Amino acid sequence: MPDLMEKIVSLAKRRGFVYPACEIYGGFANSYSYGSYGTELKNNIKQLWWQTFVHNREDIVGLDGPILLHPKLWEASGHTKGFNDALVDCKACQKRFRADHLVEEATGKDLEGQLDEMSAALTEIKCPNCGKQDWTEAREFNMMFKTQMNNVSDEETAEVYLRPETAGAIFVEYKNVLDSMRVKIPFGIAQIGKAFRNEIVAGNFIFRLREFEQMEIEYFISPDTEWKPLFEKWLMQQEKFALGLGADKKDLRHYEHPDDKRSHYSQKTVDIEYKFPFGFKELFGLAHRGNFDLTAHSKASGEKLDYFDQEKNERYVPHVLEPTFGLDRSLLVALVAAYHEEEVKGETRVVMKFPKGIAPIQLAILPLSKKEELSSVARDIFDNLKTDLVCEYDETQSIGKRYRRQDEIGTPYCVTVDFDSLEDKAVTVRDRDTMEQERVKIEELEGYLADKY
Ligand code: ATP
């Protein structure tokens, strides 16, 4: 359904959700800016995540670490050497591709990490761009963005990376969290923030970006914990979060990484995939990472990163379960799942049916005309409700056009103030999904809406 994707990309720009960045300079490397409604939607998704996994739980605490971290961290975690993708160039048209993706699309074989096999398979594959068959060898490409610190003379330490995932910042603060917060195993540390990856091919709108946001948790458990039921529970919680974005259960599935594709320290890794208009792709991930990270950082830093378990009276390096969520991909799910077209009186109505809890605007207040007598009533309603709900006041254009606009933004309720309102002290409340209209007394409006939210 590439058509659906085109419609969503176009609506996202037209209605202020997502703009292609730097368009005045011809656009820039698959980067995007979130517009006003996109920013509201993104903030609501972050808020929902933080509420679900931090505020609603006693066993998870928050963190907000830096993007630039000590380069030794990335050596210890294996990123400097191993955070690579395979790339290949078409010598005829100079276009660059992810070698493993090309091979997988053409043959169905997943040869990730096997460069020679990829180069051999490419001898049978034509360039999707120019149709020729003239490839360079497949080669490794490190996906971390490098930059320089200007206050260090030593070349090696001057070179720093923009973090390629948020998790690293969590592991290096494990000891501080342990010392400052009253956490007891099992406990988690949660973080939302930017990550940067020099993706060979970015694309599919905001699905694969070079700069994106992750919402990650490191959940520390004792090494002898019966971890399998806990793993299943996390998967269910991740799935529930996806449903909260508006995803349909039938559009979610699990992909378990086979033994030979999994990192050596991981006992189990599962991707939660969503049926995007361009096919089932990873939305979230869950990995059992053993005690790999804490052990590696302890060894590299010389600091003890263990845990004293008072109940068991023993010391150990905790194991960790890592549920990870992409924020931009979550927002894309919200857009895809919300997009509906309906036939109404011979016309197509486009409506974004966001779950009420994440809709960018919760209430639109629309006086039927700009006349002072109506707008003063409407402004009073706006002023009264704006601290409880995210409201938008709009008195431009015909009421039909304003409804259409609010439908495309996904506003669950519109309040219309008309001339009768001056007499009966009531307004019309229109429901986005059913389009039903109800007359509600102005003095009862606040309670009426409180029941809806
Ligand atoms: P993929 O296989 O799609 O490249 P990955 O397995 O490398 O993803 P992880 O390293 O597990 O992804 O990252 C955790 C989460 O971060 C992913 O589930 C996804 O939601 C998000 N993510 C990863 N890479 C990107 C990207 N380039 N753009 C947007 N979101 C991303």
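**Group meeting: a walk through a predicted structure**

Good morning. I should like to begin with a single loop: proline 186 lies in the loop that connects H9 with strand S9, residues 187-196. The model before you is a predicted one, and in this model the peptide bond leading from isoleucine 185 into proline 186 is cis, with omega near 5°. As general background, most peptide bonds are trans.

Let me now step back to the whole protein. How many helices and strands are there in the protein? The protein contains 16 helices and 23 strands. Its C-alpha trace spans about 75 × 65 × 50 Å along the principal axes. Of the 453 residues, 49% are buried. The accessible surface amounts to about 22800 Å², and carbon and sulfur atoms account for 47% of that surface. If we consider contacts between residues at least 6 apart in sequence, 64% of them join residues that are at least 24 apart.

I turn next to two pairs of helices. The first pair for today is H5, residues 99-107, and H6, residues 115-122; their axes come within 10 Å and cross at roughly 50°. Angles from 35 to 65 degrees fall outside the parallel and perpendicular classes, and H5 and H6 are therefore oblique to each other. The crossing in which H5 passes H6 is left-handed. Which residues of H5 and H6 meet? On the H5 side they are Ala99, Asp100, Leu102 and Val103, and on the H6 side they are Met118, Ala121 and Leu122. Sorted by class, this contact of H5 with H6 consists of six nonpolar residues, no polar residues and one charged residue.

The other pair is H2, residues 36-55, and H10, residues 227-244. These two helices pack at an angle of about 145°, and their axes are 11 Å apart. Here the crossing of H2 and H10 is right-handed. H2 contributes Ile45, Leu48, Trp49 and Phe53 to the contact, while H10 contributes Trp234, Gln237, Phe241 and Gly244. By class, the contact of H2 with H10 has six nonpolar residues, two polar residues and no charged residues.

Let us look at H11, which covers residues 292-301. Which residues of H11 are buried? They are Phe292, Asp293, Leu294, Ala296 and His297. What do the buried residues of H11 pack against? Their partners are three helices, H3 (71-76), H8 (167-172) and H9 (174-180), together with two strands, S10 (211-221) and S16 (319-326). Just after H11 comes glycine 302, with a positive phi of about 80°.

That brings me to backbone angles in residues other than glycine. In general, most such residues have a negative phi. Asparagine 30, however, has a positive phi, near 50°. Asparagine 30 sits in the loop between strand S1, residues 18-20, and strand S2, residues 32-34. Is asparagine 30 buried or partly exposed? Its relative accessible area is 31%, so asparagine 30 is partly exposed.

Asparagine 313 also has a positive phi, of about 55°, although it is not a glycine. Asparagine 313 belongs to the loop between strand S14, residues 307-309, and strand S15, residues 314-316. With a relative accessible area of 59%, asparagine 313 is exposed.

The loop between S1 and S2 also holds cysteine 22. Cysteine 22 counts as partly exposed because its relative accessibility is 42%, which lies between the 20% and 50% limits. Leaving aside residues up to four places away in sequence, cysteine 22 touches Gly27 and Phe28. How far apart in space are cysteine 22 and tyrosine 448? They are 43 Å apart, C-alpha to C-alpha, and 426 residues apart in sequence.

My final residue is glutamate 273, in strand S12, residues 268-276. Why does glutamate 273 count as buried? Its relative accessibility is 10%, and the cut-off for buried is under 20%. Again leaving aside residues up to four places away in sequence, glutamate 273 touches Asp251, Leu252, Arg253, Tyr255, Phe280, Lys281, Glu282 and Leu283.

Thank you for your attention.

Note on methods
Residues numbered from 1 in each chain as written. Predicted model: local features only at pLDDT ≥ 70, side-chain atom pairs only at ≥ 80, totals over all residues. Heavy atoms only, no water. Axes fitted to C-alpha atoms, helices over the stretch in contact; angles between N-to-C directions. Helix = DSSP H or I, 4+ residues; strand = E, 2+ residues; numbered from the N terminus. Parallel < 35°, antiparallel > 145°, perpendicular 65-115°, else oblique. Left-handed = near helix turned anticlockwise from the far one by under 90°. Contact = heavy atoms within 4.5 Å. Nonpolar A, V, L, I, M, F, W, Y, C, P; charged D, E, K, R; others polar. Buried < 20%, exposed > 50% of the residue type's maximum accessible area, 1.4 Å probe, protein only. Areas by Shrake-Rupley, 256 points an atom, 1.4 Å probe, with all protein chains shown as cover.
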